[in-house]
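Grab a viewer and work through these exercises with the model open. Each one sets a task and then walks through a solution.

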Amino acid sequence: MRAWERIWLGATIALMILATLAVFLYAPREAKMGDVQRIFYFHISTAWSGFLAFAVALIGAIAYLRTRSARWDQLSHAAVEVGLVLLTMAIVTGSLWARPVWNTWWTWDPRLTTTTITWVVYLAHLLLRNAVENPETRARFAAVYAIVAFVTVPITYLSARLLRTIHPIVLGPSVSSEAQGQFGLTPRMVHTMVLSLIAWTLLFSVLLWMRYRVQRAQETLEGIEAAAEEA
Amino acid sequence: MGYLVAAYLVFWGVTFFYVLYLLRRQRALEERIARLRARFNPEEGEERDELR
């Protein structure tokens, strides 16, 4: 591991620990929901990182189509996988928050439905990409798919802002009067939220870098094996 | 409190196992690449001998 990687990893671990301590010790206990509201810091941060990953996948896809460099395809593919892991965590933590607050694990609310669609669309991206054998066709197909798939991200973001939903909007105004679990942010909550978002963004960057390196090694191996077969 | 602990366990658990999975996969791939390169090296040596 190179020196800058060690510094990067160390900063990520330190910030993750700091953010977790802030969630439990610095952020105040919310009056109505109690301690379960603290899930919100993890839930929003993982959702944010997941959507950031899909944005990176989009950038990688566009860059691949422009340059045809395999590195961009590898980055895009890595970002989709990491994004799926993070979005899965956001869905699970959201469900764990919903059980005591909404009295149900799951409901087909616009926000939850659009998030599920996003999750399924990106899962299909991984499965379909792996089904294509020719590396160039696979990369081109994955790039076009990643660009189209990204449409689900703004739809998911806007679903809770434009449609009638029970999903609370903590950052920004909500048009839905049916939101359940809505709460106002105190300054300490804002500090904790900002710290969590920075920590999770760093965690995402570390996971993305690790996954990208795996993808590069995988494709290097495939290249060597193909050369061996030809020889 | 139970739901809060469960959420945090899910997060740390998934992160831990995903990092472990990536590290193992990386190591396995690097070992395979090293084995393949080692297999090709003697041939490269022979080619160099022929050129001499």
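## Exercise 1: Two residues to place

Start with A:L65, which is found in helix α2 of chain A. Before going on, note that this is a predicted model, in which local features need pLDDT of at least 70, side-chain atom pairs count only at pLDDT 80 or more, and totals for chains, interfaces and linings use all residues. Residues are numbered from 1 along each chain as its sequence is written, while chains are lettered from A and ligands numbered from 1 in the order in which they are written.

**Task.** Work out whether A:L65 is buried, partly exposed or exposed, and do likewise for A:E222.

**Solution.**
- Step 1: get the cut-offs straight. With C-beta atoms placed from the backbone, a residue is buried if 20 or more other C-beta atoms lie within 10 Å of its own, exposed if 12 or fewer, and partly exposed in between. Helices (H or I, at least four residues) and strands (E, at least two) are DSSP runs, numbered from the N terminus.
- Step 2: count around A:L65. There are 16 other C-beta atoms within 10 Å, so A:L65 is partly exposed.
- Step 3: look across from A:L65. A:V144 is 79 residues away along the chain, yet the two C-alpha atoms are separated by 8.2 Å.
- Step 4: move to A:E222, in helix α7 of chain A. It has 11 C-beta neighbours inside 10 Å and therefore counts as exposed.
- Step 5: try a distance here too. A:E222 and A:E5 are 217 residues apart in sequence, with 26 Å between their C-alpha atoms.

## Exercise 2: The fold of chain A

**Task.** Describe the make-up of chain A: how many helices and strands does it have?

**Solution.**
- Step 1: count elements. Chain A has seven helices and zero strands, so from the N terminus on the order is α-α-α-α-α-α-α.
- Step 2: get the dimensions. The C-alpha trace spans about 70 × 40 × 25 Å along its principal axes.
- Step 3: check burial. Of the 231 residues in chain A, 40% are buried.
- Step 4: check contacts (C-beta atoms, placed from the backbone, within 7 Å). Taking pairs at least 6 apart in sequence, 74% of the contacts in chain A join residues at least 24 apart.

## Exercise 3: Two helices up close

**Task.** Test the length of α4(A), then find which residues of α6(A) are buried.

**Solution.**
- Step 1: the expected span is 1.5 Å times one less than the number of residues. For the 22 residues of α4 (residues 110-131) of chain A that gives 32 Å, and the end C-alpha atoms are 31 Å apart, which agrees.
- Step 2: list what α4(A) buries. Among them are A:L112, A:Y122, A:H125 and A:R129. Their cover includes α2, α3, α5 and α6 (152-162) of chain A.
- Step 3: turn to α6(A), where A:V153, A:T156 and A:A160 are buried. They cover an arc of only 70° around the axis, so they sit on the same side of α6(A); the arc is that of the directions from the helix axis to the C-beta atoms.
- Step 4: flip the helix over. A:P154 and A:L162 are exposed on the other side of α6(A). The cover over the buried residues of α6(A) includes α2 and α4 of chain A.

## Exercise 4: Core and interface

**Task.** Find which elements feed the largest nonpolar core, and which ones in chain A touch chain B.

**Solution.**
- Step 1: define the core as a set of buried Ala, Val, Leu, Ile, Met, Phe, Trp, Tyr and Cys residues joined through C-beta atoms within 7 Å. The largest has 59 residues, and those with the most contacts inside it include A:A53, A:V82 and A:F204.
- Step 2: assign the elements. Those giving two or more residues are α1 (3-26), α2 (39-67), α3 (70-102), α5 (135-149) and α7 (187-230) of chain A, together with α1 (2-51) of chain B. The largest share, 15 residues, comes from α3(A).
- Step 3: do the interface. In contact are 25 residues of chain A and 18 residues of chain B. On the chain A side, α2, α3 and α7 each give two or more residues, and α7(A) has the largest share, 11 residues.

## Exercise 5: Confidence

**Task.** What mean pLDDT does each chain have?

**Solution.**
- Step 1: pLDDT is the predictor's confidence in each residue, from 0 to 100. Chain A has a mean of 91, with 96% of its residues at 70 or more.
- Step 2: chain B has a mean of 80, and 79% of its residues reach 70 or more.
- Step 3: for the complex, the predictor gives an ipTM of 0.85 and a pTM of 0.89.

Key:
Contact = placed C-beta atoms within 7 Å.
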